[in-house]
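Visitor: I would like a close look at a single part of this model, and then a walk outward from there to other parts of the chain.

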Amino acid sequence: MGCAVLLWGWFLLGCSWGPGTPGIGAAALLTGTYVLDDAGGLGRQFDGIGAISGGGATSRLLVNYQEPYRSQILDYLFKPNFGASLHILKVEIGGDGQSTDGTEPSHMHYENDENYFRGYEWWLMKEAKKRNPKIKLIGLPWTFPAWIGKGENWPYDYPDVTAYYVVSWILGAKQYHNLDIDYVGIWNERAFNSKYIKVLRQSLDRLGLRNIGIIAADGDWSISKEMVVDPYLNNAVELLRYTLDKHGLQQVRIIASDRLWEPISVVLLLDSELHGVVDVIGVHYPGTKTVPNALLTQKKLWSSEDYSTFNDEVGAGCWARILNQNYVNGNMTSTIAWNLVASYYEELPFGRCALMTAQEPWSGHYKVEAPIWITAHTTQFTQPGWSYLQVDGHLEGGGSFVALTDGLGNLTIIIETMTHNHSQCIRPPLPRFNVTPQRATFYLKGSFCKVETLQVWHSRLGFESGNSSLFHQLHPVKVQKGSFSLDLNVDEVYTLTTLKTGQKCHCQEPPPPQPFPSNYKDDFNIRNPPFSEAPNFADQTGVFEYFINTSDPGDHVFTLRQVVVQRPITWASDADQTISVIGNFQWVNITVTCDIYIEKPRDGGVFIAGRVDNGGIYVRRTKGVFFWVFADGTYQVTGDLAGEEILMKGLSGVRDNAWHTLTLNIQGTSASGLLNGYPLWENVTISKPTNGWAAIGTRSFEFAQFDNFHVEAS
C-alpha cells in the first residue's frame with residue numbers, strides 16, 4: 001500500500017480534480033495496466049520533434065527584435081532543457097512567391113544571380129545551431145523563381161535545372177554559413193515527380209552529399225503507392241527478406257515471381273529506383289493515421305507538417321494529442337509543427353498558428369504560449385536516435401502514451417488525456433471519442449526492471465477555469481516491485497522519466513504589448529544592412545530589398561527596391577501586382593508619404609496605399625485605398641489592389657526614371673492625394689474598408705524603388 005498511498009496523496013496535492021468532478025475516489029476510476037518491456041526488441045527509431053520557419057514568411061518580424069528579447073525568444077525555441085528544446089528546424093527555401101503569409105526571397109532571383117544572404121532563414125538556422133549543435137536542418141521549396149520553369153508555372157519540366165537550384169542552396173548554406181543541411185524536400189503540398197526525385201538524388205550524390213536525405217512528398221501518402229511496386233508481392237518479399245537477414249544472409253538478392261498471381265514478364269526487385277532514393281515519406285496533417293502502402297515501404301514515416309492551430313489552450317491540446325498519437329496510430333516517428341513562431345502580422349491568414357508569439361518587435365513584447373511547454377514534455381526527455389517501445393499506446397479510458405528508451409537504461413513515458421473538444425486541430429476533422437478519469441498501472445520489465453524512481457513533469461490545461469498548470473515538476477514516483485500507478489484526469493500531460501535534466505526556464509518578463517507606432521519613418525539609409533529586407537515591411541507578392549542606387553549621387557543612394565520581374569512558379573494565388581504591407585491593421589485615419597521611382601518605361605507603375613485589408617494567400621482579393629502613378633503620365637485611385645474598382649483617374653505628369661513624392665491622406669470617409677507636395681486629387685469618397693495597413697507596391701512584376709517612407713495614423 002505504500003506506493004499506492006504515496007501516489008494518491010501526491011496526486012491530490014499536485015493535480016487535484018477540477019471543479020467538474022468533485023469527490024471522485026480511487027475506487028470509481030476506470031483502470032488499465034500496461035507493460036513496458038524491451039526484451040523482445042524495440043519499435044521504430046524516434047527522429048525528433050520540430051517546427052517550420054517559412055511556408056509564408058512566418059518569422060518575418062522576429063529579426064527586428066532588439067536584444068535581449070530576440071535571444072530570449074530563440075532560447076525558448078531551441079536551447080536544450082530550457083523551453084521547447086526543438087530537435088528539428090525546417091525552413092522554406094525562398095522562391096520569391098506567396099507561400100501563406102508572405103513571400104521569402106530566393107537565393108537566385110535569376111539564372112545568373114546568386115546571393116546567399118537574402119532573407120533571414122540563414123540567420124535563424126545559425127542561431128538554432130548555436131544553441132543546439134545537434135539540431136537537424138531541413139529545407140523545402142514552396143515556390144520557385146520563374147526562370148526554373150522557362151515560361152511554365154511548373155518546376156519539373158527541366159529536372160536538372162530545378163535540382164541545380166536546390167543543390168545550390170544546400171552548397172551555399174555550407175559555403176557561406178557553415179550550415180550542414182540534413183534533409184531536403186521536393187515541393188510543398190504539390191504533385192511529386194519521380195524523375196525529378198531521382199535526378200535530385202543523383203545530383204546530391206555526384207557532389208558527395210550522400211548524407212543528405214530526401215523527404216517526399218510533403219503532401220499526402222500517394223507517393224508510397226509508387227514506391228511499392230506491388231503491395232501484395234512486396235509484402236511477401238519483405239517477409240522473405242526478414243527471414244534471410246535474420247540468418248545472416250544479407251547478400252542474397254530476391255527475385256520475385258509467383259504463378260498463382262500473374263505471369264511476371266519483368267523481374268520486380270523490392271528496391272525500385274524511387275524506393276531507393278527517398279529516405280523519408282513525409283505527409284501533412286495525417287490525422288494521426290497512416291496507410292498500408294507507407295508501412296510496406298519500411299521507410300521512415302514523418303508528419304512533416306502538422307498542428308497549424310491557434311496557439312491557445314485548444315492548440316496546446318491539439319499538439320499534445322498528435323505528438324503521441326502520430327506514433328501510436330500512425331507509426332510516424334517525427335512531427336513538425338507549422339509554424340515555429342508567430343512573427344507575422346496577426347491579421348494575415350492563420351494568425352498565431354505557432355508554438356509561441358513574437359509579433360511586436362517595436363515594443364519587445366512576446367508571449368511563451370502553452371504549446372512551448374507541451375513540446376518540452378517530449379523534447380527535453382528524448383533525443384533523435386532513441387527508440388519507441390513496442391506497446392499499443394492506447395489508454396483504457398481514452399488518451400495515449402508512448403515510451404522511449406536510449407538503449408542505455410533510460411526510459412521516458414509521455415502520457416496525454418486530451419478530450420475531443422479541447423484538442424481539435426485546424427485540420428483534418430477530428431472524429432468523436434471519449435476520455436474519462438482513469439488509473440493507469442505500468443509494469444517495468446526487461447532492462448527497466450531495476451528502475452526505482454521516475455521524475456515527474458505535469459501539465460493541466462484548464463479550459464473552463466482558465467487556470468492552466470504548465471510543465472511543473474512534481475514529486476518523483478517510486479517504482480515498487482517493478483510497477484507504479486498513476487491517477488489521470490482529463491486534459492493532462494505527464495512525463496515520467498529516468499532523466500533528471502529537465503528545466504522550465506524563465507527569462508525576465510518582456511515589455512508590455514504596444515501597438516505599432518502611429519508615427520513611423522524609414523529612409524532606408526543603411527550601408528551594410530544585417531538583413532536584405534527593411535524592418536516591419538511584410539512582402540505579400542514580390543520581394544522588396546535594400547538597394548544601393550549608384551546612378552543617383554543625391555538623396556536617393558540607399559533605397560528599397562522591388563526586384564522580382566517575372567511571376568514566380570506559384571504555390572498560392574500571387575497577385576498580378578507586387579505589394580508589401582506595414583503597420584497596424586486597426587489604423588483608420590492615415591497619411592502615407594513616400595518617394596517613388598518607376599524604372600519600367602511606358603507601362604510601369606507604382607502605388608502607395610492605406611486601409612489595406614488583406615494579404616497572404618488571399619492577397620488577390622485585397623481591398624483598400626490605392627494611389628497609383630504610371631510611367632505614361634497618368635494616375636488612378638482604386639479601391640482594390642487589382643485596379644478594377646476605379647475611384648478617380650487623370651493626368652499626373654509623372655515619368656519613369658525620375659523621383660516623385662506621393663502622399664495619400666485618408667480621413668473618415670474621404671481621401672485625397674498629393675504629388676510632389678501639391679494636390680493632385682481630393683474628396684474621393686471611401687466607404688470601405690474601414691481600417692487596414694499601409695502599403696507600397698508596383699503595377700506588375702517590375703523594378704521600382706521607394707525611399708523616405710513615412711506614415712502617420714490613428
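Visitor: Why is helix 3 (residues 121–131) described as largely enclosed by the rest of the structure?

Guide: In this predicted model, helix 3 is largely enclosed by the rest of the structure because eight of its 11 residues are buried, where buried stands for under 20% relative accessible area. The residues concerned are Glu121, Trp122, Trp123, Leu124, Met125, Glu127, Ala128 and Arg131. An α-helix has 3.6 residues a turn, so residues three or four places apart point the same way. As for what covers the buried residues of helix 3, the contacts include three strands, namely strand 2 (48–53), strand 3 (88–93) and strand 4 (136–141), together with helix 2 (69–78) and helix 5 (159–177).

Farther along the chain, there is an open sheet of six strands, paired in the antiparallel sense and ordered 13-14-15-20-17-18. Its edges are strand 13 (387–388) and strand 18 (469–478), each of which pairs on one side only. Within this sheet, strand 15 (residues 411–416) is joined to strand 20 (residues 492–497) by five bridges in the antiparallel sense, and Thr412 has Thr497 of strand 20 opposite. Two helices lie across strands of the sheet: helix 11 (residues 313–328) crosses strand 13, strand 14 (400–405), strand 15 and strand 20, with an angle of about 70° to strand 14, whereas helix 12 (residues 370–379) lies across strand 15, strand 17 (453–460), strand 18 and strand 20, at about 25° to strand 18. For residues 388–503, UniProt lists, in an unreviewed entry, "domain: Glycosyl hydrolase family 59 central"; over that range the chain is 0% helix and 43% strand, and the C-alpha atoms at its ends lie 23 Å apart.

A further set of strands also pairs in the antiparallel sense, with strand 31 (residues 659–667) joined to strand 26 (residues 590–598) by eight bridges and to strand 32 (residues 670–675) by six bridges. On the strand 26 pairing, Ile596 has His660 of strand 31 as its bridge partner, while in the pairing with strand 32, Ile666 stands opposite Ala671. Strand 31 and strand 32 make a hairpin, with two residues between them, and in that turn Gly668 has a positive phi of about 60°.

Terms used:
Residues are numbered from 1 along each chain as its sequence is written. This is a predicted model: local features need pLDDT of at least 70, side-chain atom pairs count only at pLDDT 80 or more; totals for chains, interfaces and linings use all residues. Side-chain values use heavy atoms; hydrogens and water are left out. Buried means under 20% relative accessible area, exposed over 50%, partly exposed in between (1.4 Å probe, protein chains only). Helices (H or I, at least four residues) and strands (E, at least two) are DSSP runs, numbered from the N terminus. Contact means heavy atoms within 4.5 Å. Two strands pair if DSSP finds at least two bridges between them. Axes are lines fitted to C-alpha atoms, for helices over the stretch in contact, and angles run from 0 to 180 degrees between N-to-C directions. UniProt positions are given in the numbering used here, feature names are shortened, and annotations may be inferred rather than shown by experiment.
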